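Biologist: Could you take me through one part of this model in detail? I would like to follow how the sheet is put together and what packs on it.

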Number of protein chains: 2
Amino acid sequence: MASPGSGFWSFGSEDGSGDPENPGTARAWCQVAQKFTGGIGNKLCALLYGDAERPAESGGSQTPRAAARKAACACVQKPCSCSKADVNYAFLHATDLLPACDGERPTLAFLQDVMNILLQYVVKSFDRSTKVIDFHYPNELLQEYNWELADQPQNLEEILMHCQTTLKYAIKTGHPRYFNQLSTGLDMVGLAADWLTSTANTNMFTYEIAPVFVLLEYVTLKKMREIIGWPGGSGDGIFSPGGAISNMYAMMIARFKMFPEVKEKGMAAVPRLIAFTSEHSHFSLKKGAAALGIGTDSVILIKCDERGKMIPSDLERRILEAKQKGFVPFLVSATAGTTVYGAFDPLLAVADICKKYKIWMHVDAAWGGGLLMSRKHKWKLSGVERANSVTWNPHKMMGVPLQCSALLVREEGLMQNCNQMHASYLFQQDKHYDLSYDTGDKALQCGRHVDVFKLWLMWRAKGTTGFEAHVDKCLELAEYLYNIIKNREGYEMVFDGKPQHTNVCFWYIPPSLRTLEDNEERMSRLSKVAPVIKARMMEYGTTMVSYQPLGDKVNFFRMVISNPAATHQDIDFLIEEIERLGQDL
Amino acid sequence: MASPGSGFWSFGSEDGSGDPENPGTARAWCQVAQKFTGGIGNKLCALLYGDAERPAESGGSQTPRAAARKAACACVQKPCSCSKADVNYAFLHATDLLPACDGERPTLAFLQDVMNILLQYVVKSFDRSTKVIDFHYPNELLQEYNWELADQPQNLEEILMHCQTTLKYAIKTGHPRYFNQLSTGLDMVGLAADWLTSTANTNMFTYEIAPVFVLLEYVTLKKMREIIGWPGGSGDGIFSPGGAISNMYAMMIARFKMFPEVKEKGMAAVPRLIAFTSEHSHFSLKKGAAALGIGTDSVILIKCDERGKMIPSDLERRILEAKQKGFVPFLVSATAGTTVYGAFDPLLAVADICKKYKIWMHVDAAWGGGLLMSRKHKWKLSGVERANSVTWNPHKMMGVPLQCSALLVREEGLMQNCNQMHASYLFQQDKHYDLSYDTGDKALQCGRHVDVFKLWLMWRAKGTTGFEAHVDKCLELAEYLYNIIKNREGYEMVFDGKPQHTNVCFWYIPPSLRTLEDNEERMSRLSKVAPVIKARMMEYGTTMVSYQPLGDKVNFFRMVISNPAATHQDIDFLIEEIERLGQDL
């Protein structure tokens, strides 16, 4: 049986020689290799035999499985004296891997073979001749493979197969024609950094257990605040598990700033609070209000213009209305890059209103924050420097692997005061280092995943200018798409004018609908077009783009471009594919 | 200059031959290798030259950097015709990696070299002769290396150096002598699964973009509910970013179940709600209450016995007291495995009280849930099957990489009703598949990291019996430690009796304190012992174990064992090390 990783190269043939088809070849080859100078022969032989330290050792008749069964093996000292034998995954289990006393060799082999599977997947992800998705309906997929969990272990050959199977059915989110979400693409440095993060396997709550990552969070958040425009990058912040949580944190902090007693006394002790955000804003504002005991009815949705931007005069009118009712406006959440239209609320006008009425100004720049990296486009966020807090998700427009969301707060210390509970088992006050680096009490989470390293390493690798080039390119591609379809037969734009972000919203009108009058029947038929085309896209697996209705507008396509692999040809392909899949509707 | 990955083996020497010390060796060796049969020569040459598809190709005078500068290169079709040259990281940047049109070769080389760095780190992590931590104070670490972010990109050689430097200063959380947190150890299958998760880089909100992972979450949560003891594994659940958030979700759902109007109307529309949990419970209950607008004053802390278990009679007394005041008890959070003592609240008695007063029963089994996998120890959670919700963190006692926390809910549909906001851009109602698999509206998060795959793959690899063996072994080690120190000179136990979980809480009494009377001065001096020993442990880097005060008890060590690499010898070592570092105090 071929080893799962054999498409690339692999350990783990049945006789363990490293070459499934030619028993003994690797060993013979290894002997030749030893003659070369400089150690490379040793290194590669070591690789073949899966052991970097003891390359030429191939003796020993005991299988690793048998060796592992000597459970009490007390090889505390290195090098371990357990005997070596060939790697055959069918006879190996998780218990044979490190920290098993003879686990180094099978571990290196196993991890390397997993890596080979991943590398194959990475290469395939960028190959336009492969499918974006090999779609199966949930019931099909449940039946196609045995996913159930059992009492007994499976061997490592089976584990490698599961890795392959999982990736077979996965969406290739790095594929140049994957446009389905605001987060697309697969950055190689970011990926490497995420692998490292997994390997370091620690938590962000204290400097004690995450010294480097805590410092990198400090450095990175400061840099982000500088870019926002807060003097000297001063302020506060944290990486949180996604934009929805970041927005909720902002709401919590705004409430605490105005009514610190809410922490102990709850909402019963404060007047009715009202938050304001646009009708195009993200649903997480309402989710947050529901969670925080504020209630969704207390989130007032401000009208937008035809481009999806909040209308400042309506904001002011609704603030006055709330105050007249005796309610307390405590938060305005402006959006910099709405989810569907990619609209930027007029932040300067919003800032003026917030200042006038002394209301916390939050900017949800989860999607639009990336544009701050571009000298050409950052004007769209003018006024963000006047915000009290900003949500900015580098996992969206900046292509950082999921998840990476930052909440930045202008006033230092507020987060800590709002959330701290002084858990003495984590935040001991008599530690021997500067306790200001124990950041865990700033957030609701106790354990917190390390989300900063992938952003930091990508930033080192690209520089700010690299992010800028990526943002500029994606916006240029969106404009390219807009220019092609705005006057093309069979397309209608959902709103007029050049896209502000990379969102391009449009209907595809199949030939059968083009001559119909603009009445209810046409609307009804048009509403079914995008879902059918999308379903066909997924079944063919050629591309993926999102659609939705919005307000009185029936289902339309929302194209977004954050994918660094996308090119003009991919935009052309998308248009042709929509037409190919939709012309008969 | 040696290539960063060269300790193991590496691409990327200056002449690109694959061997930094012997230019041309790899190429010569490759010619020999071609003579062997079965393709292994090709595969290894490919590896040397970093290109699986085009092994023997070594010509081409253009550097990849130069090739990459041809920005408009339109190699949409595979195989790409761009010329190949040697890999030299000093001349390569992130822009030379995929999706660059000639990026496959440098990408494979780069990712493989990152992997070599990670594999070295993994092997070192399990080596007792290496330090757990190479400790530096924050200011030292900030000065020792340039961590700042700049406008200009760095080359890939520098990026690889950053990976090495980051790991140099990281805590080796897989080290057999790392006992600092409830989450310790580094599972090889879990690590592999987390690498795969990073590579798949998707979000959990819809089946559309995470088909396999959504199904695996369904399968895994069902299995966990079966183990809890809910009939047929029925119910609901979700993986959330940590136990604190899981506990907060439980509180939200309990509140919503009793007063669904809170979602729209907020806390203003409901009577004063009271939650009950023990004085030894996790601080996240208070954090959650603060966030949800309930207020920390409405979290009543129930007295514990000397072992840290909630006293049911005190619970009932406080419930009646709250009711008499006209407040509404809505939640009891019992703890299965407290953070410091590892105590298990008497769940059956708590369940009876919750039933009597119709209160939602939550069990915070973040730490103790793992014991459900053990036939020998699961009796400690008897009554968990009567809970309405359970927090269970496989990233703690089950050794799954961070983060992996599940909230399980007995009643189906409640989570969805509590949290859903029907975002039409994600949860389109006219999709072509069964929408019940779009789970994103069950939680506060919008984007949600894939936390299930590492648990699922580990479960396949270990079987339930493998987790059982791990749990039993850790508890056996804790008992071993307890038996050694309970009568040993220089030790005092914080509470009497065998540990229920792996928490062993004790004071080390240095010789100078042993003859002192038990008065305030002794307490004051004793309180300084653990912090100094801990600081010395970190400076020597030999081991790490936590300490804290609790109530009227001054600083004591809290040893916990979840680390699969720990052995009896490591426990012996810990005791000797504490004595070595503390005897002069």
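Modeller: Happy to! Two strands count as paired if DSSP finds at least two bridges between them. With that rule, seven strands of chain B form an open sheet with mixed pairing, in the order β2-β8-β7-β6-β5-β3-β4. The edges belong to β2 (236–240) and β4 (299–302) of chain B; each has a single partner strand, so one side of each is left without a neighbour in the sheet. On average, neighbouring strands of this sheet are turned by 20 degrees against each other, direction ignored. Keep in mind that this is a predicted model.

Let's zoom in on one pair. Strand β3 (residues 273–278) of chain B runs parallel to strand β5 (residues 328–335) of chain B, and five bridges join them. Within this part, Thr277(B) has Ser333(B) in β5(B) as its bridge partner. A helix also packs on the sheet: α11 (residues 284–291) of chain B touches β3, β4, β5 and β6 (360–364) of chain B. The direction of α11 makes about 165 degrees with that of β4(B).

For the wider setting, chain B also meets chain A, with 182 residues from chain B and 183 residues from chain A taking part in the contact. About 16,300 Å² is buried between the two chains, and carbon and sulfur atoms give 68% of that area. Six salt bridges are found across the interface; one of them joins the side chains of Asp441(B) and Lys287(A), at 3.0 Å from N to O. Helix α4 (residues 104–125) of chain B gives the largest share of the side of chain B that touches chain A, 13 residues.

Notes. Residues numbered from 1 in each chain as written. Chains lettered and ligands numbered in written order. Predicted model: local features only at pLDDT ≥ 70, side-chain atom pairs only at ≥ 80, totals over all residues. Heavy atoms only, no water. Contact = heavy atoms within 4.5 Å. Buried area = accessible area lost by both parts, 1.4 Å probe. Salt bridge = Lys/Arg side-chain N within 4 Å of Asp/Glu carboxyl O. Helix = DSSP H or I, 4+ residues; strand = E, 2+ residues; numbered from the N terminus. Axes fitted to C-alpha atoms, helices over the stretch in contact; angles between N-to-C directions.
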